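Here are a few exercises to work through with the model open beside you. Try each task before reading its solution.

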Amino acid sequence: SELPSSVSGENISALRDILTTNEAAAYLSKSPSYLRNNYQRLGIRAYRVGNQLRFRHSELVQWLDGQVI
């Protein structure tokens with residue numbers, strides 16, 4: 001999608017690190033409802049933006065790295 005013209009180049013990579021619940025769930029191969037209902041129990045950090053959850057891609061990668069069996 002198109003980014004606002006007020007976004008500077010240095011902030012673009014930070015913005016791309018932010019995922020919606022649907023995007024984060026797809027990355028984890030889970031359903032959005034599973035992620036919404038279980039992120040706290042799983043120890044996945046989330047951020048509220050209004051009434052919606054957001055996830056950092058970099059934190060999901062770190063979380064996955066900790067799930068090695």
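A charge counts as sitting over a ring if NZ of Lys or CZ of Arg is within 6 Å of the ring centre and within 35 degrees of the ring normal. Keep that rule at hand for the first exercise, and remember that this is a predicted model.

**Exercise 1. Charges over rings**

Task: Find which ring K30 lies over, and which ring R56 lies over.

Solution: Start with the lysine. K30 lies over the face of Y34, at 5.1 Å from the ring centre. Then turn to the arginine. R56 is placed over the face of Y47, with a distance of 5.3 Å to the ring centre.

**Exercise 2. The layout of the chain**

Task: Work out how many helices and strands the protein chain has, and in what order they run.

Solution: Begin with the count, which is four helices and three strands. Next, trace the chain from the N terminus: the elements run α-β-α-α-β-β-α. Now add the burial: of the 69 residues, 23% count as buried. Finally, look at the contacts with a separation of 6 or more: residues 24 or more positions apart account for 42% of them.

**Exercise 3. The two sides of α3**

Task: Decide which residues of helix α3 are buried and where they sit around the helix axis.

Solution: Helix α3 covers residues 32-42, and its buried residues are L35, N38 and Y39. Looking down the axis of α3, these buried residues fall within an arc of 145°, so they line one face of the helix. On the other side of α3 you will find N37, Q40 and R41, which are exposed. To see what the buried residues pack against, check α2 (21-28), β2 (47-49) and β3 (52-56). After the helix comes G43, with a positive phi near 80°.

**Exercise 4. The nonpolar core**

Task: List the residues of the largest nonpolar core and find which helix gives the most to it.

Solution: The core has eleven residues: L19, A24, A25, L28, L35, Y39, I44, L53, F55, L60 and W63. Sort them by element: α2, α3, β3 and α4 (57-65) each supply at least two. Helix α2 gives the most, with three residues. Now follow one member outwards: beyond residues up to four places away in sequence, I44 touches L28, L35, Y39, F55, L60 and W63.

**Exercise 5. An aromatic pair**

Task: Classify the geometry of the rings of Y39 and F55.

Solution: A pair of aromatic rings is described by the distance of the centres and the angle of the planes. For Y39 and F55, the centres are 6.0 Å apart and the planes stand at 85°, so the pair is edge-to-face, since an angle over 60 degrees counts as such. The pair links distant parts of the chain, with Y39 in helix α3 and F55 in strand β3, 16 residues apart. Both Y39 and F55 are buried.

**Exercise 6. Two residues of α2**

Task: Is T21 buried or exposed, and what does Y27 count as?

Solution: Take T21 in helix α2. Its relative accessible area is 9%, which is under the 20% cut-off, so T21 is buried. Setting aside residues up to four places away in sequence, T21 touches P32, L35, R36, L53 and F55. Now move to Y27, also in helix α2. Y27 has 36% relative accessibility and counts as partly exposed. Apart from neighbours within four places in sequence, Y27 is in contact with H57, L60, V61 and L64. The C-alpha atoms of Y27 and V61 are separated by 9.6 Å, with their positions 34 residues apart along the chain.

Methods:
Residues numbered from 1 in each chain as written. Predicted model: local features only at pLDDT ≥ 70, side-chain atom pairs only at ≥ 80, totals over all residues. Heavy atoms only, no water. Buried < 20%, exposed > 50% of the residue type's maximum accessible area, 1.4 Å probe, protein only. Arc of directions from axis to C-beta. Contact = heavy atoms within 4.5 Å. Core = buried A, V, L, I, M, F, W, Y, C linked by side-chain atoms within 4.5 Å. Phe/Tyr/Trp six-rings, centres within 6.5 Å; stacked < 30°, edge-to-face > 60°.
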